[in-house]
Structure formats: structure tokens, C-alpha cells
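Open the model in your viewer and keep the selection box at hand. Each stop below says what to pick and what is there.

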Amino acid sequence: FFLLMIRRPPRSTQSRSSAASDVYKRQDIFFVEPDGASLKMGETQDIRVWAIPDEVRKFKDELVCVVKDNPIPVQLPVICQGEKPVVEVDATTLDFDRLLLKQQASKTLTITNVCACLLYTSPSPRDS
């Protein structure tokens, strides 16, 4: 998630952005870098917001941008869904029984993603 801050004329701007959770010390899920910026007229700066959830649940917070000489801070909602990667497999063993030399056999294994996040799998045989 990137926040693009653009300074509009007529004066120089100093701003400070942070996750509301950092301000109130409620949770350390969202992190902001850099934590401040000083922008001249026409300048822009990217603010990076990191989400590092530690539980399986939805986290909500606000990114608060305070501009010098402006009494109303800009508040942007930030949401993150913490997930644990979980798959279901329809078999625990693939048994090919006996095979004659130079014959081939195939078995199908179905892996189902049962969590809310996208998973990539790369099955590889385990060395015995």
C-alpha cells in the first residue's frame, strides 16, 4: 500500500503520517515509513504502510496525516485480514504398488485451499 502525498500551492507543507495504532499503542500491526515528510510546492513523496498481522482476524486502523497549520488531519482507513495458510489434501499417501520396469502409472492428488488468502504450492518429493 502506497500513499502518495502531493503538496498543493500556495505554501510549503510539513506533514507527519502514522498508523493510529502507533499513536495509541493499541497494536503493532501497521507500520509506516518514513514517519514524516517535508514537501515543497509541487513535490511528492511515497509513504509505505506495512501490515504484519499476528492473528487470524481482521485488523482495522487509520493512517493519520497531519499537515502543519491545518487543524484537520487527513484520516485514511487501513484494513488487513490476518490469515493462516491452510490446505486440505484428499490423500495422505500415494501408493503405486508394484510396477513392471519401464511401465508408468499415475495418481491424482487434490489439494484444496481452505483459507482466505492466495496460496502457491510447489510439491516436491521428500528424500527418504
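The tour runs from a cis peptide bond through two backbone outliers by sign of phi to the cysteines.

This is a predicted model: local features need pLDDT of at least 70, side-chain atom pairs count only at pLDDT 80 or more, and totals for chains, interfaces and linings use all residues. Numbering starts from 1 along each chain as its sequence is written, and side-chain values use heavy atoms, without hydrogens and water.

**The cis bond.** Select Glu33 and Pro34. The peptide bond between them is cis, with omega near -10°. Pro34 sits in the loop between strand E3 (30-33) and strand E4 (36-39). Strands here are DSSP runs of E, at least two residues, numbered from the N terminus.

**Positive phi.** Go to Asp97, in the loop between strand E8 (87-89) and strand E9 (111-113). Its phi is near 55°, positive in a residue other than glycine. Asp97 is exposed, at 70% relative accessibility (exposed is over 50% relative accessible area, buried under 20%, partly exposed in between; 1.4 Å probe, protein chains only).

Now pick Lys102, in the loop between E8 and E9. Lys102 is not a glycine, yet has a positive phi of about 65°. Its relative accessible area is 86%, which makes it exposed.

**The cysteines.** How many disulfides does a search of the whole structure find? Zero. A disulfide would be a pair of cysteine sulfur atoms within 2.5 Å. Select Cys115: the nearest cysteine sulfur, that of Cys117, is 3.4 Å away. Cys115 is buried, with a relative accessible area of 14%. Finish at Cys80, buried at 12%.

Notes:
Helices (H or I, at least four residues) and strands (E, at least two) are DSSP runs, numbered from the N terminus.
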